[in-house]
Each structure stands twice: as structure tokens, then as C-alpha cells.
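Hi everyone, thanks for coming. Today I'd like to walk you through the empty spaces and the cysteines of one protein model. Here it is on the screen.

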Amino acid sequence: GKNLRGVDVWGPVFRLEFLAKCYKKYAFDSKKEAIKARAAETLQELAKVACEDGGWAYYTFVKQGITFVTASGIVAMIEAKAAGLPFDPAMISKAAETVKKVKQGPGAYAYRPGVQEAPVGCAGRSSLCELALIMAGQPQGGMPVAVDNFLKYRHLLEAIQGKAGTHIGEGKTAPYYYLFGHYWTARAIKKLPKSSQVVALKKICDEILLDQGSSGEFWDWPLHKDHKVCGTALGALCLYQI
């Protein structure tokens with residue numbers, strides 16, 4: 001319905017990180033000025049749709065930053081900074097404070113401010129939140145817990161994979177956290193000690209490959225269209241991290 005329509009935040013977030021990757025590639029040297037200009041435009045897009053607290057939400061009726069959207073934005077902005085593209089340090093620090101406010105204990109982050117959740121409900125997003133804060137120079141020390149919680153509770157996400165609706169299952173979470181959580185946890189695992197990475201990444205790999213379709217596709221939530229395209233992209237990104 002109209003009340004669930006919101007601004008496009010995911011587009012600029014993923015685009016900014018994509019531009020950062022292109023900017024560092026020799027193959028795109030002739031396009032560097034165009035990439036830099038598009039990155040600046042993308043940063044402006046994110047600034048325009050930011051909530052007052054510095055985070056981002058994909059629904060217009062939500063006035064506070066949603067944790068996993070905000071954390072993804074932080075990562076994208078810092079990747080842009082690392083690549084030498086335009087960035088705004090104030091946007092990064094303000095967004096990081098928004099993520100920190102919803103911390104509910106070591107390695108556990110709620111959906112948004114004012115919401116209380118058990119670790120099972122936080123499991124799909126918390127590794128990403130820890131990763132974002134580490135990259136922002138504000139490590140919280142909860143990454144081992146966040147990764148362990150994801151591996152412990154991922155079967156509950158698997159149980160609702162492919163179902164319609166949100167806030168369902170034992171964790172009262174959404175099926176779209178399944179691939180999202182696997183991708184970001186695989187990426188976040190790289191911040192663990194080397195001795196812990198191989199075992200954790202193997203678990204992620206073994207489990208996600210069991211859910212790959214016969215045509216190579218991945219998906220976890222039935223959208224109106226293109227959910228297999230989006231899901232397969234996330235699945236491929238996850239395997240690339242591994």
C-alpha cells in the first residue's frame with residue numbers, strides 16, 4: 001500500500017560501493033572523472049534522504065535510522081573514502097552514533113531505536129553493524145559474538161526462507177535477512193582473528209550452497225518481480241567473500 005512506500009536508499013548505497021570498486025580498477029582509468037562525479041551525486045542523494053539522527057530508513061513514516069540500512073551506508077561511504085572518492089566525515093560519524101545507540105549487548109543490534117529484541121532477532125544484522133563500526137574507527141568488540149549468534153540461529157532464518165511476510169518465525173524476523181545475513185556475515189568474518197576465519201567461512205559456504213537452486217539461483221523472499229535476480233546477486237557476492 002501507499003503507506004509502505006518509501007525513498008530508495010538501497011540504490012545509492014550499493015551504487016556508491018560499486019563506484020568505489022570501479023574507481024580502483026585500472027580498466028576504468030579513462031572513466032575516473034565520471035565515476036567521481038557520480039559518486040558525489042550519490043553522496044548527495046544519501047544526504048537528502050537521511051533521517052534526523054543520521055541514519056537511513058526505507059519507509060517514509062519511519063523517522064529514525066534502521067540499523068542494517070544505516071550500517072550498509074556506513075560501509076559504502078568508507079569504501080568510497082578508501083578509494084579516493086568524495087565522502088563526508090560528518091555523515092559517517094553521525095550514522096555510526098545511530099548504530100551504536102541500538103546496541104543491546106555484545107554483538108547484538110536492534111532493528112531501530114526504541115526496539116528491544118532477543119539475540120535471535122538481531123542475528124541477521126549484527127555482524128554488519130559490528131563491521132560498520134570497526135570500519136568507522138569505533139570498534140565495539142562484539143564481532144565474535146555477532147558471528148557466533150548468526151551461525152547459531154541461521155537455521156531459523158532458513159526455516160522462513162521463501163515465505164511471504166515479515167516479522168515471522170521464532171525470531172520474528174524477515175525472510176530477506178537470510179541471504180543478506182549470509183553475505184554480510186561472510187564479509188564481517190574477515191575481521192576475526194585469522195585462526196577463526198576458515199572454520200566460520202566454511203560453515204557459511206556449506207550451508208548456503210545447500211540452498212542454491214538447480215539453475216544456480218538463490219532467493220529468500222518472493223518480491224513482485226526479479227527476486228531471483230536480486231537473490232542470486234547476493235548469493236554470488238557471499239560466495240565471492242568466501
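I'll take the pockets, then the cavity, and finish with the cysteines.

A word on the source: this is a predicted model, where local features need pLDDT of at least 70, side-chain atom pairs count only at pLDDT 80 or more, and totals for chains, interfaces and linings use all residues. Residues are numbered from 1 along each chain as its sequence is written, and side-chain values use heavy atoms, with hydrogens and water left out.

Now the pockets. By pocket I mean an open set of points on a 1 Å grid over the protein atoms alone, with protein on both sides within 12 Å along at least five of seven lines; a cavity is a set where a 1.4 Å probe fits but cannot get out, and lining residues have an atom within 4 Å of a point. Points are joined across faces, edges and corners, and a volume is the space filled by probe spheres set on them.

The largest pocket holds about 1,300 Å³. Its lining has 33 residues, and W10, Y58, Y176, W221 and L223 lie nearest the centre. Which helix gives the largest share of that lining? It's α10, with six residues. Helices here are DSSP runs of H or I, at least four residues, numbered from the N terminus. α1 (10–23), α8 (177–188) and α10 (227–241) each supply at least two lining residues. By class, we have 21 nonpolar, seven polar and five charged residues; Ala, Val, Leu, Ile, Met, Phe, Trp, Tyr, Cys and Pro count as nonpolar, Asp, Glu, Lys and Arg as charged, and the others, Gly among them, as polar.

The second largest pocket comes to about 230 Å³. Here α1 leads, with four lining residues. Among the residues around this pocket are F14, E17, K21, Y183 and Y240, and the classes split into five nonpolar, one polar and three charged.

On to closed space: there is one cavity of 30 Å³ or more, with a volume of about 30 Å³. V120, A123, Y153, L156, L157, G171 and T173 line it, and helix α7 (residues 143–160) provides three of them, the largest share. No charged residue is in that lining.

Finally, the cysteines. How many disulfides are there, counting cysteine sulfur pairs within 2.5 Å? Zero. For C129, the nearest cysteine sulfur is that of C122, 8.7 Å away. C238 has C205 as its nearest, at 7.9 Å. C238 is buried (under 20% relative accessible area, 1.4 Å probe, protein chains only), at 0%.

Key
A disulfide is a pair of cysteine sulfur atoms within 2.5 Å. Buried means under 20% relative accessible area, exposed over 50%, partly exposed in between (1.4 Å probe, protein chains only).
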